[in-house]
Structures are given as C-alpha cells and as structure tokens.
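Have the sequence and the 3D view ready side by side. We'll take a walk through the chain, starting with charged side chains and ending with strands.

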Amino acid sequence: MLNFPSYSSFTDIQKRLDALGLFHMDLDLKRMEAFIRQWNKKLPALHIVGTNGKGSTANYFDALARAHGLCSGLYTSPHFLSPRERTRIDGQMLSENTWLELANTLAELETEHALEFTYFEWLTALAALAFDQSKVDVAIMEAGLGGCYDAVKVFEPRLLLLTPVGLDHEQYLGSSLEEIARDKSQAITQSCVAISAEQKPEVMSIYIQRAKNIGAQLVFSKTDVNFESCAYQKQNATLALCAWEKWCELHELKYDSKQCFRILARTRFQGRFQLTPPQNGTKYLLDGAHNAHGLQALKEALAQSTLSPEVIIFTCMRDKNIKQMCELILSFELPIIVPELDIPERNIPANVLANTLGRQCYIAQDMDSALKIARSKGSLVLICGSLYLLASFYSFYPHLLEGA
C-alpha cells in the first residue's frame, strides 16, 4: 500500500504540490474515476470547457448564483500567488486550516485506494471535498485542458458551458481547430445540457454532430443580448447569462433578466482587462491574454475603449504559437519590454523572444527591472501575454488581488 503524507501546515501542502509538479500531465481519467468511485458523492456541478473565456464565464455565473442567494463553489485555474485562489465558496478563499483539514482527508483516500494524482487532479479532488463539505448549491468547475481527459469531467455536470475554441495547447489537443474541437466535444454527454457560445463554423459542426451522435441536448447562447459592458467580456457574460436562465429552469428558480444585467454589469475580476489605480503614479492594464485568440480579443477591446497604453510588458510560454503572438503584439505599435521569468519548464528566454520581436523591444533581467523601464516610458502600462507574467506583477502588488 502506498503511504501518502499527512500535513501539519499549509507549507507542507505547498511542498506536496511542488513535488507533484505544476506542469506535469498524464492525460488519463483512471485516477479521477477511481476517486469518484471511492468517494461515492455527487456534486451539483457545472462544467466549463473552451480555449478562452472559461475563467471569466465561471466568475460571471458565480456572481449570478451568489446574488440570487445560492451557496456557490467556484473552481478555476491557474492561480496567481497561492493555490488557495483556485477554490472559493461564496466568493471567499478557504482558510489555511480548512485546507489542512481537507488535505488530510484526501491523504486518507489516497493511501487507502492508491490514488496517485497529478497536480491538477489533486487540487480538483480537494475542491470536490470542499464543495461537498459546504453543501454548495452549485459547483462551478473550470476545465484545465481539453474535454476528453480533463479531471472535472468525472463529476457528471448538469450543465456544460462551451466557450469559444481557438488554437492553444496544440501539442496535447491537436494542431487544427477541428482536432481541438473534437477533443473538447467529448465533454458533451447525454446527462447534461450543453450551451455553447458562438463558434467558428468548423467547431460548431463538430459540436452539433457530437450531440446528435449521442442524443445530447445542445443549444447556442443568444447573440442579440443588449449587455452594456466591455465588448471584450460580452460573449462570456452572455454565455453565463444563458446558463443561469437554464439553471433556473432546471431547478425551478425565478429568473429576472433585468436583475441579472445589473449583477453582470458590476462584476469585475482580476487579470481580465483590469485597470489598476495608480501605483506610484503609474496605472497598469492587466490582461491574461495568453494565446493569439486572446490577444486579438484584447486588441479589439482596446480599440473600443478610451484607454491608450504607452508601453507593453510582454512575454509568453514556449508552447504557444510564438510567431502569431509576436505579430499581434507588434501590431499594437508600442514599445515592448520583455522580462525574464523564472519558469524554466515553459518560458521563452527573454533574449530569444526579443530577437523574434525585433524592433522597439527592450530586455529586462526580471519583472522588477521591467516595471522600472515601463514607468520611465509612460503612465499607462499594458501587461499581457501570460498569466504567469501577471502573477509576477501581483507579487509586487498583492493588494490588487484582494477581493479577487
């Protein structure tokens, strides 16, 4: 029998996660399926799958659920500074003591049933324990990668939300939109109602065919909702709104569209077109756009806003379409600062990325140096390209994550 550690402090949990490896993957559902069999519990789950917009859609639905008096569980990824950010109940992170209690409960299950989880699976299982313990009315669970082998798939959601599909994680999901869509389409099952955002025609046809083949219910979210918000988030907010309407129908709850619009209009979250108050005289526009699809959406949002950044801090991970992302970031026609990030498993060395970008590019030895250069270039700085880049920024200004 395998023996898994017990935990006496939150630091012990962090050490265990470090040992599991943030970027280690093993695309197989057998461990999570074994967990579900042994745990033998059901969650009122809502599953969110897609390339971009998953976290935003999850947060919008969470805001709607909480505003209507439901006890909500929210599971998203990745985190910026602490893994505690990934699991929230009624909008709040769990205390370190609660994490200890849950982690030790999970360790007992791991030992008894030899459940050798990956990093993401371990956090997913812990979130499930937390949501069950708090008896949440809805467990909003964002997929980590794809739809075929993603860990949250095992919770048999009542609702599945499908955000727009783009090219990302091609080495795992396939090199074309069609291949990626086929993987994500496996999240559609007979037991759930699937609601999709507007998709490209080749993606839409794959989703429709999957639903037809297995007899699943698939609907597409409305495109004519008059939602007064940043265009960048309209599609995500609309998908969450349509999902909430369906959730109300399934659970015989009252649906009030005007109240929903008010809730969505005031909902904000960190790292998504987030404009900070001045920090030592400089404002920052923070956006988690980490692939070409996200950068294009960011560019369009900026064009429709009154914001005019004067300089960009940018980097990206080496598993992305580097050429396409560099072409997009150059199209902003602003000076670019590329910092070195200490993520050797995935980051592109700053000098390599700077050579690809070419003109108007500065290399910074770290994020601190990048911020100093940016402050000398302008009073509004755009930071984008990687969620890990945003995490580095938040390490200097952690108060900007409060209330996240």
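Let's begin with some vocabulary: a residue is called buried under 20% relative accessible area, exposed over 50%, and partly exposed in between, using a 1.4 Å probe and protein chains only. What you're looking at is a predicted model, where local features need pLDDT of at least 70 and side-chain atom pairs count only at pLDDT 80 or more, while totals for chains, interfaces and linings use all residues. Residues are numbered from 1 along each chain as its sequence is written, and side-chain values use heavy atoms, with hydrogens and water left out.

Now for the charged pairs. A salt bridge here is a side-chain nitrogen of Lys or Arg within 4 Å of a carboxyl oxygen of Asp or Glu. By that rule, there are nine salt bridges. Start with Lys323 and Glu327, whose side chains meet at 2.6 Å, N to O. Both sit in helix α12 (residues 322–330), and because they are four residues apart, about one helical turn separates them. Helices, by the way, are DSSP runs of H or I with at least four residues, strands are runs of E with at least two, and both are numbered from the N terminus. With a relative accessible area of 58%, Lys323 is exposed, whereas Glu327, at 45%, is partly exposed.

Other pairs reach much further along the sequence. Which residue does Arg16 meet in a salt bridge? That's Glu110, with 3.1 Å from N to O. Arg16 belongs to helix α1 (residues 10–20) and Glu110 to helix α4 (residues 96–113), so this pair links distant parts of the chain, 94 residues apart. Arg16 and Glu110 are both buried.

Lys41 and Asp132 also form a salt bridge, at 3.0 Å from N to O. Lys41 lies in the loop between α2 (30–39) and β1 (45–49), and Asp132 in helix α5 (residues 119–133), so the salt bridge ties together parts that are 91 residues apart in sequence. Here Lys41 counts as partly exposed, at 37% relative accessibility, and so does Asp132, at 22%. There's a network too: salt bridges link Asp26, Arg31 and Glu121.

Just after that loop comes β1. All five of its five residues are buried, so β1 is largely enclosed by the rest of the structure. In a regular strand, side chains alternate between the two faces of the sheet. On one side of β1 you'll find Ala45, His47 and Val49, on the other Leu46 and Ile48, and both faces are covered.

Who are the neighbours of β1? Two strands pair if DSSP finds at least two bridges between them. β1 pairs in the parallel sense with β5 (residues 138–142) over four bridges, and Ala45 has Ala139 as its bridge partner there. Strand β6 (residues 159–162) is also a parallel partner over four bridges, with Leu161 matched to Ile48.

Finally, find the open sheet of six strands, ordered β9-β10-β14-β11-β12-β13 with mixed pairing. β9 (274–275) and β13 (361–364) stand at the edges with a single partner strand each, so one side of each has no neighbour in the sheet. Strands β11 (residues 311–314) and β12 (residues 336–339) run parallel, joined by two bridges, and Ile313 stands opposite Ile337 in β12.
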